[in-house]
Amino acid sequence: MASANPWDPASAPNAARLLLGHFVTSGMVTQEMLNISKKPASCFVKFSRLQQITDNQAEINQKNLEIELLRLEKDTADIVHPSSLAQKCQTLQSMNNHLEAVLKEKRSLRQRLLKPMCQENLPIEAIYHRYMVHLLELAVTFIEKLEMHIETIRNIPHLDANLKKMSKALAKMDILVTETEELAENILKWREQQKEVSSCIPKILAEENYLHKHIITPPVPCTSKVHVHTINGK
């Protein structure tokens with residue numbers, strides 16, 4: 001049990017209380033100063049808060065551990081739960097019974113497998129008919145796509161090489177596209193030039209006709225013929 005505070009005026013009367021009362025009456029000490037001295041130290045408050053934080057953290061860790069245990073129990077419920085174990089045991093028992101029946105009829109089954117099964121009907125229980133319909137649909141779909149699946153499996157080892165070839169083909173295609181664009185631009189420029197030339201041809205022909213009509217060619221001089229004759233005479 002905590003001892004009484006000797007500085008507290010409300011505690012049992014003693015020498016310290018009487019002395020403090022005398023100081024308060026004389027004005028040497030005020031009641032506010034005594035009240036300040038009664039406040040608990042801040043370090044003890046911090047220690048209590050630290051202890052509370054530690055307790056809370058321990059409680060949180062305990063709750064997290066419980067949550068993990070519950071999650072583990074939930075994940076393993078299908079393994080360790082009694083109902084799941086009973087269901088699995090029942091399934092295993094039915095499989096065991098089926099295998100025992102197969103082993104008992106092993107000779108007849110072997111003889112039946114050796115015989116051709118063409119154009120024969122296999123008896124199927126009524127409860128499995130709907131599953132057989134679905135199974136036949138899946139079989140037809142699988143057979144239709146079997147060649148494509150086989151080809152895909154065969155191409156798996158060559159996948160990297162095919163990707164490299166595809167990348168090279170795409171690069172060549174980009175080059176061809178660029179060259180085609182340049183060629184198209186050159187063709188358009190050539191067409192524009194041909195249009196300009198075609199527009200200039202009538203003007204050139206008109207100027208040539210004008211020159212032929214108005215310019216006379218000069219006559220050939222006769223001195224050349226005389227010079228030829230003198231040379232022959234020599």
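A disulfide is a pair of cysteine sulfur atoms within 2.5 Å. In this predicted model, a search of the whole structure for such pairs returns 0 disulfides. Two cysteines may be described by their surroundings: Cys-89 is exposed, with a relative accessible area of 51%, whereas Cys-200 is partly exposed, at 38%.

**Fold and surface**

The protein contains 10 helices and 0 strands. Read from the N terminus, its elements follow the order α-α-α-α-α-α-α-α-α-α. Of the 234 residues in the protein, 2% are buried. The accessible surface amounts to about 22,500 Å², and carbon and sulfur atoms account for 64% of that area.

**Salt bridge in helix H3**

The search of the whole structure finds 1 salt bridge. It joins the side chains of Glu-68 and Arg-71, with an N to O distance of 3.6 Å. Both residues belong to helix H3, which spans residues 42-75. Their separation of 3 residues corresponds to about one turn of the helix. Glu-68 is partly exposed, having a relative accessible area of 45%; this value assigns Glu-68 to the intermediate class because buried means under 20% and exposed means over 50%.

**Nonpolar patch**

A nonpolar patch on the surface is formed by Leu-159, Leu-163, Met-166, Leu-170, Met-173 and Val-177. Together these residues present about 570 Å² of accessible area. Met-173 is located in helix H9, which covers residues 159-214. Met-173 is partly exposed, with a relative accessible area of 48%.

The accessibility values of the individual residues discussed above are collected here.

| Residue | Relative accessible area | Class |
|---|---|---|
| Cys-89 | 51% | exposed |
| Cys-200 | 38% | partly exposed |
| Glu-68 | 45% | partly exposed |
| Met-173 | 48% | partly exposed |

**Confidence**

The average pLDDT of the protein is 76, and 74% of the residues score at least 70. Confidence is highest in helix H7 (residues 129-144), with a mean of 88, and lowest in helix H10 (residues 223-233), with a mean of 43. Over residues 222-234 the pLDDT is below 50, and this stretch makes 0 contacts in the model beyond near neighbours in sequence. Residues 216-220 likewise keep a pLDDT under 50. For residues 216-220, the model shows 0 contacts beyond four places in sequence. Where pLDDT is low, predicted coordinates should not be read in detail.

Note on methods:
Residues are numbered from 1 along each chain as its sequence is written. This is a predicted model: local features need pLDDT of at least 70, side-chain atom pairs count only at pLDDT 80 or more; totals for chains, interfaces and linings use all residues. Side-chain values use heavy atoms; hydrogens and water are left out. Buried means under 20% relative accessible area, exposed over 50%, partly exposed in between (1.4 Å probe, protein chains only). A salt bridge is a side-chain nitrogen of Lys or Arg within 4 Å of a carboxyl oxygen of Asp or Glu. Helices (H or I, at least four residues) and strands (E, at least two) are DSSP runs, numbered from the N terminus. Patches are made of residues with over 30% relative accessible area and no salt bridge: like charges are joined within 9 Å, nonpolar side chains (Val, Leu, Ile, Met, Phe, Trp, Tyr) within 5 Å. Accessible areas come from the Shrake-Rupley method with a 1.4 Å probe; for residues, only the protein chains shown count as cover. pLDDT is the predictor's confidence in each residue, from 0 to 100. Contact means heavy atoms within 4.5 Å.
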